Amino acid sequence: MAEYIKHEHDVLVIGAGGAGLRAAVEASAAGVKVAVITKSLLGKAHTVMAEGGIAAALANVDDRDSWRVHFADTMRGGQYLNNWRMAELHAKEAPECVRELEAWGALFDRTPDGRILQRNFGGHRYPRLAHVGDRTGLEMIRTLQDHGIHLGLDVFMEYTVVTLLKDGDRVVGAFGYDRERGRFHLFQAKAVVLATGGIGRAYKITSNSWEYTGDGLALAYEAGAGLQDMEFVQFHPTGMIWPPSVCGLLVTEGVRGDGGVLRNKEGRRFMFDSIPPLYASQTADNEEEGWRYTQGDKNARRPPELLTRDHVARCIRREVREGRGSPHGGVFLDIAWIKQRIRNAPEHIKRKLPSMYHQFKQLADIDITQEAMEVGPTTHYMMGGVSVDPGSQMSDVPGLFASGECGAGLHGANRLGGNSLSDLLVFGKRAGQYAAAYAKENSLGNINPSDVERAEKQALVFFERDGAEGPYAVQNALQDMMQDLVGIVRQEKEMLQALDRIQELKARAQRVGVSGNREYNPGWHTAIDLSSLLTVSEMVTKAALERKESRGAHFRDDYPNKDAKFGACNIAIRKGAAGEMQITRVPIPEMPPELKQIIEEMK
Ligand SMILES: Cc1cc2nc3c(=O)[nH]c(=O)nc-3n(C[C@H](O)[C@H](O)[C@H](O)COP(=O)(O)OP(=O)(O)OC[C@H]3O[C@@H](n4cnc5c(N)ncnc54)[C@H](O)[C@@H]3O)c2cc1C
């Protein structure tokens, strides 16, 4: 007989990042009883690390901006694989969501006339990112958290969900453990919102913290939900590469938005060497024009350093491979050079990029106001995830909703910087609203005791194998393998090898053992996380094998060009009746003429 503590709520939100908190706030405001679960402490979710800002067409800095331009930019960035309805809702609703955040107490940087300041970012035609220095995520989390606590959310900190529970087709709860005591908990709920973030920890070099093991995606998959776009893993072009202990840590795109330039070891601004045709008309072709753009000249086009992340990351990789890299295998990102252009440049840099200044000073002993930084690509964001209805955010499993990074659709083949924080607000809000409505229409379902017993047994099995191989060796082997074989540039031979390796690692994970007891036992938690990491790694690899072309964040050496037939479909994944991972191509629905027209006009 399983031993656990039972909790009952109308809506259960798994994840306390921006998406989870925004969903919880909305559901709570609708008058239902809401619980939020987070693997770490409240306020520590990934969202807190977000630096550059929230993309929303407020048009405060450039009055030519509008939801139509934002929509067109998002679709172009996603190489037209985006769910166009989500891109439309997102562009239309993001400004109101930012104002709402401000009304709840978020203190944004200001224009001289007191409006919310907006900065330049890659792929956005006009300055569009509402920000708070380079600590925007912190302000967003702080605001949502304060607001949510006042609304009376029940928060379960340092709790991890290991399985979703179903009554027939419908999701009716979740089962997990608390880190402090290792006790089990059963959360019964009428609706469940997944807001568990990304999968960065499947790779060796990543900007993501320890929590991002793809749990939500694996939970949804096991519950029978459909997923999509898993081949699209974003490698952010600028992560720290030195010293090794901080390798992967993000260097915000805000550095480039504020005038930072990329150079190879010969001092050349190599980004001018390859401007993709899709962006040629919008990109500066000389350094002078690029600089003027970063300083707000409306007649200038953006510098090539602000091209989309996938492209910039591949250009950096090319420079390194062809022997023009920096001493530690990256390239140079230089913001110190702006002292040639503006007075008091060091103070200006410290004011605009305080976290970057401290990050490099403290971790690498580099003063970014005087010296260039060494940077290279780092695994950053998962465009793929749970397939959802664009309006309600419900997955194809009744009662199961998903939003934020663990949901899919908005970003297509590549996310524009800043479009994640706005995604969390727009679709977190919608998920909360529709989950609350669903909860009002449905009663609590039945929990099958044998499902709970099975989940408990599975979680405890590792203690029976004290002395066996530990989980960290398997986790490290998986991360190395994904980095080498399913990274920025892919090819069939290597990905087939990756699939074999994943099967071997799955077998090793089945034999892993841990010692000690259930209180604060990170080895035990890592052993449990392995299953999600392996599942999402297999999804990424299989989807990447299926997409036999190069598009957005997915680049294949063996198919280096786009292929029109893949431009018309998403790659979908689902667990088959016999437990096999099914991969299918799903045609993208025809875009309505009025949206097509916007895209044509903005070309
Ligand atoms: C360094 C950095 C800078 C960034 N800067 C920007 C930026 O400027 N602009 C922008 O738009 N985007 C930015 N991003 C991306 C953006 O921050 C993330 O995509 C976004 O915050 C994800 O939010 P989320 O709510 O979906 O999930 P998260 O904030 O990742 O939260 C996930 C939550 O789920 C919980 N969880 C996970 N698994 C479980 C489980 N099994 N049981 C219980 N709880 C679980 C976690 O504990 C956490 O509370 C940045 C990312 C990084 C890493």
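**Group meeting: a walk through the chain**

Okay, let's start with the outside. The chain's accessible surface comes to about 22200 Å², and 49% of that belongs to carbon and sulfur atoms. Keep in mind that this is a predicted model.

On charge, there are 74 positive and 79 negative side chains. The centres of those two sets lie 2 Å apart.

Now the overall build. We've got 17 helices and 20 strands in the chain. The radius of gyration is 23 Å, close to the 25 Å that the globule rule gives for 603 residues, so the chain is as compact as a globular protein of that length. If you lay the C-alpha trace along its principal axes, you get spans of about 70 × 50 × 50 Å. How much of the chain counts as buried? That's 63% of the 603 residues. And if you take the contacts with a separation of 6 or more, 74% of them come from residues 24 or more positions apart.

Let me zoom in on helix 4, residues 136-151. With 16 residues at 1.5 Å each, this helix should span 22 Å, and the end C-alpha atoms are 23 Å apart, which agrees. Which residues of helix 4 are buried? You'll find Thr136, Gly137, Glu139, Met140, Ile141, Thr143, Leu144, Gln145 and Gly148 on that list. As for what they pack against, it's helix 1 (18-29), strand 3 (54-55), helix 3 (84-103), strand 5 (129-130) and helix 12 (419-441). Right after the helix comes Gly152, with a positive phi near 95°.

Stay in helix 4 for a second and look at Gly137. Its relative accessibility is 0%, so Gly137 counts as buried. Setting aside neighbours within four places in sequence, Gly137 is in contact with Thr47, Val48 and Ala50. For a bit of distance, take Val246: Gly137 and Val246 are 109 residues apart along the chain, and their C-alpha atoms are separated by 20 Å.

Next glycine, Gly200. This one sits in the loop between strand 9 (184-194) and helix 5 (215-222). Is Gly200 buried or exposed? Buried, with a relative accessible area of 4%. Not counting residues up to four places away in sequence, Gly200 touches Thr206, Asn208, Tyr212 and Thr379. Thr47, which we just met as a contact of Gly137, is 153 residues from Gly200 in sequence, and 14 Å away in space, C-alpha to C-alpha.

Okay, on to some backbone geometry you may want to click on. Which residues does a cis peptide bond join? Trp242 and Pro243, with omega at about 0°. Pro243 is in the loop between strand 11 (233-240) and helix 6 (254-257).

Then there are a couple of positive phi values to look at. Ala59 isn't a glycine, but its phi is positive, about 60°. You'll find Ala59 in the loop between strand 3 and helix 2 (67-77). At 18% relative accessibility, and with the cut-off for buried being under 20%, Ala59 counts as buried.

Gln393 isn't a glycine either, and has a positive phi of about 70°. Where is Gln393 found? In the loop between strand 15 (385-386) and strand 16 (400-402). Gln393 is buried too, with a relative accessible area of 2%.

That's my tour, so over to you for questions.

Key. Residues numbered from 1 in each chain as written. Predicted model: local features only at pLDDT ≥ 70, side-chain atom pairs only at ≥ 80, totals over all residues. Heavy atoms only, no water. Helix = DSSP H or I, 4+ residues; strand = E, 2+ residues; numbered from the N terminus. Expected span 1.5 Å × (residues − 1). Buried < 20%, exposed > 50% of the residue type's maximum accessible area, 1.4 Å probe, protein only. Contact = heavy atoms within 4.5 Å. Rg over C-alpha atoms; globule rule 2.2 N^0.38 Å. Areas by Shrake-Rupley, 256 points an atom, 1.4 Å probe, with all protein chains shown as cover. Lys, Arg positive; Asp, Glu negative; His and termini not counted. Charge placed at Lys NZ, Arg CZ, Asp CG, Glu CD.
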